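I opened this entry to record what I looked up, topic by topic. The order is strand pairing, overall fold, backbone exceptions, then pockets and cavities.

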Amino acid sequence: MAEAHQFDGLVFICSCDKIEPAMMMAMARINIPAIVVTGGPMMPGYYKGKPLAVSSTREHVGRWLRGEHTDAEMLEIECAACPGPGSCSMSGTANTMACVAECLGWSLPRCATAHAVTSEKKTIAKASGREVVRLVKENITPRSISDRRTFENTLALCSAFGGSSNATIHLPAIAKEMGIAITLDDIDRISKKTPYLVSMILAGKDTYVDFHAAGGIPSLMKELMPLLDGSQMTLSGKTISQIAAEAVNRNPEVIRPLSNPHFKEGAYAILRGNLSPDGCIVKQIGVEPSMMEHEGPARIFHTEEEAREAVYADKIQHGDVLVIRYEGPKGGPGMRELLSVTSALVGMGFSNSTAVITDARFSGATRGPCVGHISPEAAVGGPIAYVKEGDRIRIDIPKRTIALLVSEEEMAKRRKEIKLDLKEITSPVLRRYVKLVGSVATGATLAMD
């Protein structure tokens, strides 16, 4: 539509998980003067004085099933979780990708964390309208200010504030539109050297209200500047070093300095091994120290629903490794987000003893040893397709490994004997999608050539 109408410039207005990266992909693709205005986080709800988000509600459902909440308490939690407009009040994908837009320099400073209900959000929106006129006059486009360092800076900032693991799919996809290859090795390398400085719910205790009040992304840039390329230009007309220089960190407990991190590494760990030769990801900051290494028997599920019902029916044992497969980009199709399963595990008391591995995705709210993006996926005959009930699986996050403890001879035998459990796809659109979609290891983008 933008090309058909030959627009001079665009303001991209977006708020939720997949719309934001989709618009940023379009912004990079059409490459006309443009700016992003994200809708802003929702104010947090509260239950018994503690902040509450949508994902917290799903965890409380597990506690309700265990008898820890009365029906009245569960209703109170449900009614308190979403107190108004905005994206879910946690470091989930929506708020993560809003921060990504600001880190890339594609939205104005403080836009990502200015809450939906505030006058500041309206002020930033109005300023963005003025700014896009300047961008048109000066012919400044996303590609004219962005390069590889832009994406590396953004990955570092995401690692530092504990952004959703979905960012590791969306950032490579956005970069690809600009001809820049961001790999899983890049993500792991940057996360390893970037301390975790901002700990927000559900992995931590602070909210986006706290983060914004402390200074938001500009103040995080200020603390992280020794690890960033400060010459990166933004659509505001300032470099990130200039934005950081003007920022004030108003709460060093919310946005910690490099000398006092919550964790010495960043949010993400990329694992590899015979179960995932092309790589997979775990949000390590949400994993208890006792579960950074885990070995247990595989429990096999071919859908999210099967796994969730098994958890709620108390059919899972402490120490198990839930294997949820055929939910990847081709297998889903569309790579489902397994938030309900991981929330159920927390609510039922399994998050510190039971792991999940899957070729699907997780929410930014996911906690525990949950390993996603297993690649190659089951639907293309990846090793995860040939795991059997009871097989031993070993996860070692510090060593960045994931292993199926089965011999190569046995795996070769299984590849001949086991038929892939592919879903029947009746939709012509989805059949076309399955043929075109690539590996999640490279952003699950569509092959258009």
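Two strands count as paired if DSSP finds at least two bridges between them. The model I am working on is predicted.

**Strand pairing**

I started with strand β7, residues 293-301, and looked for its link to strand β11, residues 392-396. The two run antiparallel and are joined by 5 bridges. At one position of this pairing I found Glu-293 opposite Asp-396 of β11.

I then followed β11 to strand β12, residues 401-404. This pair is also antiparallel, with 4 bridges. Which residue of β12 is the bridge partner of Asp-396? I noted Thr-401. Asp-396 therefore appears in my notes for both pairings, facing Glu-293 and bridged to Thr-401.

β11 and β12 form a hairpin with 4 residues between the strands. In that hairpin I marked Arg-400, which takes a positive phi near 60°.

**Overall fold**

I counted secondary structure over the chain and got 17 helices and 12 strands. The radius of gyration is 22 Å, and the globule rule gives 22 Å for 449 residues, so the chain is as compact as a globular protein of that length. Along the principal axes, the C-alpha atoms fill a box of roughly 65 × 55 × 45 Å.

I checked burial next: 58% of the 449 residues are buried. For contacts, I took those between residues at least 6 apart in sequence, and 74% of them join residues at least 24 apart.

**Backbone exceptions**

I searched for cis peptide bonds and wrote down the one between Gly-332 and Pro-333, with omega about -10°. Pro-333 sits in the loop between β8 (321-324) and α15 (339-347). I also wrote down the cis bond between Ser-375 and Pro-376, where omega is about 0°. Pro-376 is in the loop that runs between β10 (370-375) and β11.

I then looked for positive phi in residues other than glycine. Arg-110 has phi of about 75°. Its place is the loop between α5 (93-104) and α6 (119-138). Is Arg-110 buried, partly exposed or exposed? Its relative accessible area is 26%, so I class Arg-110 as partly exposed.

Ala-444 is another such case, with phi near 50°. Ala-444 lies in the segment after α17 (428-436). Buried means under 20% relative accessible area, and Ala-444, at 18%, therefore counts as buried.

**Pockets**

I turned to open space and recorded about 600 Å³ for the largest pocket. Its lining has 22 residues, and those nearest the centre are Met-25, Gly-443, Ala-444, Thr-445 and Leu-446. Ala-444, which I had marked for its positive phi, thus came up again here.

Which helices supply at least two residues each to this lining? I found α2 (19-30) and α9 (167-177). The largest share, 5 residues, comes from α9. I sorted the lining of the largest pocket by class into 12 nonpolar, 4 polar and 6 charged residues.

The second largest pocket has a volume of about 380 Å³. It is lined by 19 residues, with Ala-203, Ile-285, Gly-286, Val-287 and Glu-288 closest to its centre. By class I noted 9 nonpolar, 7 polar and 3 charged residues.

**Cavities**

I ran the search for enclosed space over the whole structure and found 5 cavities of 30 Å³ or more. The largest holds about 60 Å³. I listed its lining as Ser-165, Lys-283, Phe-362, Ser-363, Thr-366, Arg-367, Gly-368 and Cys-370. That lining divides into 2 nonpolar, 4 polar and 2 charged residues.

For the second largest cavity I recorded a volume of about 50 Å³. Its lining residues include Glu-102, Leu-108, Pro-109, Thr-234 and Ile-243. Which element gives the most to this lining? I found helix α12, residues 216-224, with 3 residues. The class count for the lining of the second largest cavity is 6 nonpolar, 4 polar and 1 charged.

Methods. Residues are numbered from 1 along each chain as its sequence is written. This is a predicted model: local features need pLDDT of at least 70, side-chain atom pairs count only at pLDDT 80 or more; totals for chains, interfaces and linings use all residues. Side-chain values use heavy atoms; hydrogens and water are left out. On a 1 Å grid over the protein atoms alone, a cavity is a set of points where a 1.4 Å probe fits but cannot get out, and a pocket is an open set with protein on both sides within 12 Å along at least five of seven lines; lining residues have an atom within 4 Å of a point. Grid points are joined across faces, edges and corners, and a volume is the space filled by probe spheres set on the points. Ala, Val, Leu, Ile, Met, Phe, Trp, Tyr, Cys and Pro count as nonpolar, Asp, Glu, Lys and Arg as charged, and the others, Gly among them, as polar. The radius of gyration is taken over C-alpha atoms; the globule rule is 2.2 Å times the number of residues to the power 0.38. Buried means under 20% relative accessible area, exposed over 50%, partly exposed in between (1.4 Å probe, protein chains only). Contact means heavy atoms within 4.5 Å.
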